[in-house]
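Student: I have a structure to read and would like to learn how. Can you take me through it feature by feature?

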Protein chains: 2
Amino acid sequence: MKSKASRKAVVLLSGGLDSATVLYIARARGYLCSCLIFDYGQSHRKEIIQAARIARSAGCPSRVVKIAFPWKGSALLDRKIKIPEKPAAGIPSTYVPSRNIIFLSYASSFAEATGARTVFIGAHDQDYSGYPDCRPEFLEAFGKALRAGTRAKIGIAAPLIGMNKSRIILEGAKLGVPFGLTWSCYRGGKVPCLRCDSCHYRARGFKEAGIQDPLVKS
Amino acid sequence: MKSKASRKAVVLLSGGLDSATVLYIARARGYLCSCLIFDYGQSHRKEIIQAARIARSAGCPSRVVKIAFPWKGSALLDRKIKIPEKPAAGIPSTYVPSRNIIFLSYASSFAEATGARTVFIGAHDQDYSGYPDCRPEFLEAFGKALRAGTRAKIGIAAPLIGMNKSRIILEGAKLGVPFGLTWSCYRGGKVPCLRCDSCHYRARGFKEAGIQDPLVKS
């Protein structure tokens, strides 16, 4: 049986379906989860609001942390850069330099301060292989660095690594993830734009999983 | 000859003499340095002001980034925790969970956004072996993670690793580091308290180096 301390986990929650599924996976594995949500100047606040709702739906406390990205360089932070409408080769313009690196660093600090030993992240490499800080080799190396650089030898859990979107959706459906609360669209409208690459991957995932996306009218 | 991009570096500057020496080392190695200074809620602002002065003295641009540590747990962030007056065994109460991890993460983002390839940090393991995120094994692991997780394969340079305080002071003196601008004391008074462990290590370093600390009356 795990000790109480080792059962505590920090879950990075973005408002999307990947991290929501990770929260439900961590909960199913018996972790006491605290959710960390970042307000990092993303172009819309909808994902922050939805992330807090997802935490509530799972019965877990959540905390919004405001962090500055005082330098631009990403379509998600800079309105002058266009959000791509279809998947491109290489690293997409929506890449925010070191975003996951900063998120994981904060999560490790929060974990150290609250007695948690594990940080859960929804990174996966199937759809977004263009983001260097989503790759398994990065997560493995970062996990080693955290173990060496924290008092509690914090570990990283990335249970979606190796899964594609449809597999994640099937996994989430099994665990009762409230997909209707999850928001994937890079734009913050009332309904998903269905044109940005995040909408594209979500739609393909639901289609391949044979499940109806509750956000999209059938 | 290095290309222009590979000659750009980000230097983490704290206002102390270690990072000031690192800035002068990086400059001497031919790097075009941009300094990153963190306003992270430390108990006094003196080190931020001094850090900006040190950057100016080296002729390098600097940028202050405000970051939140919304959780406490360190004597440097929480006035209810006492600053230790002598070196203690184990991890001291001045340890800020994941501080260097977060600083390095931000620096990697800044480097990615500005075309720099190297992040310089003044960490060393001789005096502060109690901070887990100053240890060489952490820095090495983190460097590997950054190379894997950034577009530009950002590297970490920690030229003080393996040096003790007196060696750093001798190195700095050789390069003309303005020690009178550096601030090491955990308290933010007009003159160093000479009682906190940071003052203790500084005093011992100057004594062993046979150099007079310009901040202390002889």
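What follows is a dialogue on confidence, fold, interface, helix packing and some single residues.

Student: What should I know before reading any numbers?

Tutor: This is a predicted model, where local features need pLDDT of at least 70, side-chain atom pairs count only at pLDDT 80 or more, and totals for chains, interfaces and linings use all residues. Residues are numbered from 1 along each chain as its sequence is written, while chains are lettered from A and ligands numbered from 1 in the order in which they are written.

Student: What is the average pLDDT of chain A?

Tutor: pLDDT is the predictor's confidence in each residue, from 0 to 100. Chain A averages 87, and 85% of the residues score at least 70. The model scores are ipTM 0.84 and pTM 0.87.

Student: How many helices and strands does chain A have?

Tutor: Elements are DSSP runs: helices are H or I with at least four residues, strands are E with at least two, and numbering starts at the N terminus. Chain A has 6 helices and 5 strands. Their order along the sequence is β-α-β-α-β-α-β-α-β-α-α.

Student: What share of chain A is buried?

Tutor: The test counts other C-beta atoms, placed from the backbone, within 10 Å of a residue's own: 20 or more is buried, 12 or fewer is exposed, and in between is partly exposed. Of the 218 residues of chain A, 50% are buried.

Student: What share of its contacts joins residues 24 or more positions apart?

Tutor: Two residues are in contact if their C-beta atoms, placed from the backbone, lie within 7 Å. Among contacts in chain A with a separation of 6 or more, 70% join residues 24 or more positions apart.

Student: What turn lays chain B on chain A?

Tutor: Superposition is by least squares on the C-alpha atoms of residues with pLDDT of at least 70 in both copies. A turn of 180° and a shift of 0.0 Å along the axis lay chain B on chain A, with an RMSD of 0.0 Å. That is the relation of a two-fold axis.

Student: How many residues of each chain meet at the interface?

Tutor: In general, interface size is often given as the accessible area lost when the parts come together. Here we have residue counts: 34 residues of chain B are in contact with 34 residues of chain A. On chain B, strand 3 (62-66), helix 3 (99-114) and helix 4 (136-149) each supply at least two residues of the side touching chain A. Helix 3 of chain B gives the most, with 10 residues. Classes first: Ala, Val, Leu, Ile, Met, Phe, Trp, Tyr, Cys and Pro count as nonpolar, Asp, Glu, Lys and Arg as charged, and the others, Gly among them, as polar. That side of chain B has 19 nonpolar, 8 polar and 7 charged residues.

Student: Why do the copies meet through the same surface?

Tutor: Because 100% of the interface residues of chain B are also interface residues in chain A.

Student: At what angle do helix 5 and helix 6 of chain A cross?

Tutor: Axes are lines fitted to C-alpha atoms, for helices over the stretch in contact, and angles run from 0 to 180 degrees between N-to-C directions. Helix 5 (residues 165-175) and helix 6 (residues 197-209) of chain A cross at roughly 65°, and their axes come within 7 Å. The contact has 6 nonpolar, 2 polar and 4 charged residues.

Student: Where is B:I121, and is B:I121 buried or exposed?

Tutor: B:I121 sits in the loop between strand 4 (118-120) and helix 4 of chain B. B:I121 is buried, with 27 C-beta neighbours inside 10 Å. Not counting residues up to four places away in sequence, B:I121 touches B:L12, B:V22, B:L104, B:I156 and B:A158.

Student: What does B:R135 contact?

Tutor: Beyond its neighbours within four places in sequence, B:R135 contacts A:A148 and B:D125. B:R135 is in the loop between strand 4 and helix 4 of chain B. B:R135 is buried, with 20 other C-beta atoms within 10 Å.

Student: Which sign does phi have at A:K153 and B:L194?

Tutor: Most residues other than glycine have a negative phi. A:K153 has a positive phi, near 50°. A:K153 is exposed, with 11 other C-beta atoms within 10 Å. B:L194 also has a positive phi, about 60°. B:L194 lies in the loop between helix 5 (165-175) and helix 6 (197-209) of chain B.
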